[in-house]
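Colleague: I should like to learn how the features of a protein model are read. May we look at one together?

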Amino acid sequence: METVGAAVILVGLAVGVGALVALHLLPTGLSPLRDAVSRYGISDYALGYRVQTLGYALAGAGAAIGLAARPDTGRSVVVACVVFAVSRTAISWAPMDSARELHWLLAVAAFASVGTAARLLRHESHTSRVIALLMLAAFVAMVFTRRGGIPLFGLFERALYVCFTAWFVVVVVLLL
């Protein structure tokens with residue numbers, strides 16, 4: 001099951017990262033520095049946003065599958081991966097304009113759960129913990145830029161995406 005989990009992560013990352021790159025290359029009118037990734041979900045490019053969220057959800061599910069097969073992985077890591085997968089799946093149907101509170105709750109659940117999984121992973125502990133700290137720093141920067149009206153929220157959110165993408169790659173290496 002570890003190999004299956006790794007394969008599912010890789011497919012999920014290919015879909016999620018591919019959609020995210022496409023969204024950034026298309027003429028969306030959104031700024032990667034200022035705008036939240038979820039703004040794509042309330043634009044003419046909402047389908048690309050949904051594909052992105054579902055791709056990352058698949059990566060989270062793959063991590064849960066693969067890590068659950070390892071007897072030395074703590075259950076809290078697996079649960080955190082499941083929470084990430086569920087919240088990334090659900091957020092596509094909770095747009096930031098009409099379901100604002102639910103959207104933010106799901107976003108925080110996703111970001112906190114993947115950071116928690118990275119922090120608690122016993123294998124590759126140094127790399128995983130460094131990534132967890134970088135995720136935390138990006139998340140804190142997101143909060144400060146949003147609350148302070150600093151137009152760099154998008155930059156730090158994308159940094160967070162880079163961090164959790166890197167963490168999933170670490171998990172693939174561990175599982176293979």
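Colleague: Leaving aside its neighbours within four places in sequence, which residues is I9 in contact with?

Modeller: Contact means heavy atoms within 4.5 Å. By that rule, and without the neighbours within four places in sequence, I9 is in contact with A59, G62, A63, F168, V171, V172 and L175. Please note that this is a predicted model, in which local features need pLDDT of at least 70 and side-chain atom pairs count only at pLDDT 80 or more, while totals for chains, interfaces and linings use all residues. Residues are numbered from 1 along each chain as its sequence is written, and side-chain values use heavy atoms, with hydrogens and water left out.

Colleague: Which residues have the most contacts inside the largest nonpolar core?

Modeller: In soluble globular proteins, nonpolar side chains tend to be buried together. A nonpolar core is a set of buried Ala, Val, Leu, Ile, Met, Phe, Trp, Tyr and Cys residues joined through side-chain atoms within 4.5 Å. Buried means under 20% relative accessible area, exposed over 50%, and partly exposed in between, with a 1.4 Å probe and protein chains only. Here the largest nonpolar core has 47 residues, and I9, L67, M135, F164, W167 and F168 have the most contacts inside it. Two or more residues of this core come from each of α1, α2, α3 (75-91), α4 (100-120), α5 (125-148) and α6 (153-175). The most is given by α6, with 12 residues. Such helices are DSSP runs (H or I, at least four residues), numbered from the N terminus.

Colleague: How many residues does α5 have, and which of them are buried?

Modeller: The expected span of a helix is 1.5 Å times one less than its number of residues. With 24 residues, α5 reaches 34 Å from its first C-alpha to its last, close to the 34 Å expected. Its buried residues are S128, I131, A132, M135, A138, A141, M142 and T145. Their cover includes α4 and α6. Just after α5, G149 takes a positive phi of about 70°.

Colleague: Which residues make the nonpolar surface patch?

Modeller: Patches are made of residues with over 30% relative accessible area and no salt bridge; nonpolar side chains (Val, Leu, Ile, Met, Phe, Trp, Tyr) are joined within 5 Å, and like charges within 9 Å. Accessible areas come from the Shrake-Rupley method with a 1.4 Å probe, and for residues only the protein chains shown count as cover. In this model V11, V15, L47, V51 and L58 make a nonpolar patch of about 400 Å². Both α1 (2-25) and α2 (46-68) supply at least two of its residues, and α2 gives the most, with 3. One residue of the patch, L47, is found in helix α2; L47 counts as exposed because its relative accessibility is 65%.

Colleague: How many salt bridges are there, and with which residue does R70 pair at 3.0 Å?

Modeller: A salt bridge is a side-chain nitrogen of Lys or Arg within 4 Å of a carboxyl oxygen of Asp or Glu. By this rule there are 3 salt bridges. R70 forms one with E2, their closest N and O atoms being 3.0 Å apart. This pair links distant parts of the chain, 68 residues apart: R70 lies in the loop between α2 and α3, and E2 in helix α1. R70 is buried at 13% relative accessibility, whereas E2 is partly exposed at 24%.

Colleague: Which residues are joined with R70 into one network?

Modeller: The side chains of R70 and D72 also meet in a salt bridge, at 3.7 Å from N to O. Salt bridges that share partners thus join E2, R70 and D72 into one network. Another salt bridge pairs D35 with R39, the closest N and O atoms being 3.5 Å apart.
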